[in-house]
Amino acid sequence: MLTSIDGKSVIVTGSSKGIGKGIARVFAEKGAKVLIVARNFDQAQATASEINASGGTASAFSADVSSWNDMQRMAEAAAECHGGIDVLCCNAGIFPDAKLSEMTPEQWDEVMGVNLKGTFLGVRSCLPKMKECGEGRIIVTSSITGPITGYPGWCHYGASKSGQLGFLKTAAIELSPHNITINAVMPGNIATEGLDDLGADYLQKMTESIPMKKLGTAEDVAYAALFFASKEAAYITGQALVIDGGQVLPESLMALEDI
Ligand code: NAP
């Protein structure tokens, strides 16, 4: 089960650390050739070296997902290094916080540019090569924040994560005749470098609000992405899967008492 990723050419944006790194590691363990994409080349290279040292196949590439030029270069590099593009994981994202009453248009544009436009540009740039391969898989990292929940400071972030789901519904229809599926993973709170930056207080209170009483791991998200990328998921498109330890389930704080 789920071994069909062996030998496939996979791009993971935002994979020098965090969830993307977990996705890259799991895909490489299953035999995929992975392009590690991030703005900081040294960090991307360090992740690629780690994967290669443990017997996988990975190359590093520096690109900003909000740049059309960078995304076109990324698609070309993946095809050249690993022979075509079979799977694209649009995972790169940022989550700076800003309360609505103080949020600037520039802050809004930055989050939308990376999280939402970056998803569009990544998909758009890889389509020609994916179509040449005769089939493809796209997995978008959305979030529970936006599509299901809200959190103060993240109006722009929530809108970008909901926007990704809106984008993929129509993309799924347009890509179906090309045997390309597009689905999303919706992580809850996953222990990553990016989440650590939110501080110990945030991490502790968030952990208490999760029925499983623990944060998720990058691998928890990676295995859901691996499922969407597999041959076994060929007939699933335009869908989204929550990976959150039950975080969105409690109706109120009372629902978490006495469990
Ligand atoms: P992270 O630890 O901060 O890692 C972010 C990765 O994205 C890094 O590799 C970073 O490298 C790269 N990146 C950021 N901006 C980029 C850009 N403009 N172009 C290319 N690469 C870029 O973040 P994370 O927690 O793993 O989050 C990853 C994704 O999961 C995001 O889409 C986020 O919204 C989503 N998510 C996370 C959680 C969570 O709890 N952690 C929950 C729900 C959803 P460079 O800085 O070098 O570019």
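How many of the 6 residues of β2 are buried? The strand is mostly covered, with 5 of its 6 residues buried. This briefing describes a predicted model, and it moves from the strands around β2 to the nonpolar cores, then to a group of aromatic rings and to one glutamine in a helix.

**Strands and crossovers around β2**

- On one side of the pairing, strand β1 (residues 9-13) is joined to β2 by 5 bridges, and these two strands run parallel; within this pairing, Val-10 stands opposite Val-34 of β2.
- Together with helix α1 (residues 18-29), the strands β1 and β2 form a β-α-β unit that is right-handed.
- β2 is also joined to strand β3 (residues 57-62), through 6 bridges and again in a parallel arrangement, and here Val-37 stands opposite Phe-61 in β3.
- Between β2 and β3 the chain passes through helix α2 (residues 41-53), and this β-α-β crossover is right-handed.

**Nonpolar cores**

- In soluble globular proteins, nonpolar side chains tend to be buried together.
- The largest nonpolar core in this model has 40 residues, and the members that touch the most other members are Ile-11, Met-74, Leu-88, Ile-138 and Ile-182.
- Two or more residues of this core come from each of the elements β2 (33-38), α3 (68-82), β4 (87-90), α4 (105-133), β5 (136-141), α5 (155-175), β6 (180-187) and α7 (200-208), and among these contributors α4 gives the most, with 7 residues.
- Leu-88 offers a view of the surroundings of one core member, since, with its neighbours within four places in sequence left aside, Leu-88 is in contact with Ile-11, Met-74, Gly-122, Val-123, Cys-126, Met-130, Arg-137, Ile-138 and Ile-139.
- Apart from the largest core lies another core, of 31 residues, which includes Ala-28, Val-34, Ala-44 and Val-221; Val-34 is also the residue of β2 that stands opposite Val-10.

**Aromatic rings**

- Across the whole structure, a search finds 7 aromatic pairs.
- In one of them, Tyr-151 and Tyr-202 have ring centres 5.7 Å apart and planes at 75°, so this pair is edge-to-face.
- This pair links distant parts of the chain, because Tyr-151 lies in the loop between β5 and α5 whereas Tyr-202 lies in helix α7, with their positions 51 residues apart.
- The two partners differ in exposure: Tyr-151 is partly exposed, at a relative accessible area of 38%, while Tyr-202 counts as buried, at 12% relative accessibility.
- Tyr-202 also pairs with Trp-154, with ring centres 6.3 Å apart and planes at 70°, so that this pair is edge-to-face too.
- Trp-154, in the loop between β5 and α5, is 48 residues apart from Tyr-202 in helix α7, and this pair likewise links distant parts of the chain; both Trp-154 and Tyr-202 are buried.
- Ring pairs join Phe-95, Tyr-151, Trp-154, Tyr-157 and Tyr-202 into a cluster.

**A buried glutamine in helix α5**

- Gln-164 is found in helix α5, and at 1% relative accessibility this residue counts as buried, because the cut-off for that term is under 20%.
- When residues up to four places away in sequence are not counted, Gln-164 touches Asn-115, Leu-116, Thr-119, Val-140, Thr-141 and Ser-142.

Note on methods:
Residues numbered from 1 in each chain as written. Predicted model: local features only at pLDDT ≥ 70, side-chain atom pairs only at ≥ 80, totals over all residues. Heavy atoms only, no water. Core = buried A, V, L, I, M, F, W, Y, C linked by side-chain atoms within 4.5 Å. Buried < 20%, exposed > 50% of the residue type's maximum accessible area, 1.4 Å probe, protein only. Helix = DSSP H or I, 4+ residues; strand = E, 2+ residues; numbered from the N terminus. Contact = heavy atoms within 4.5 Å. Phe/Tyr/Trp six-rings, centres within 6.5 Å; stacked < 30°, edge-to-face > 60°. Pairing = 2+ DSSP bridges. Right-handed = clockwise from strand over helix to strand, strands pointing away.
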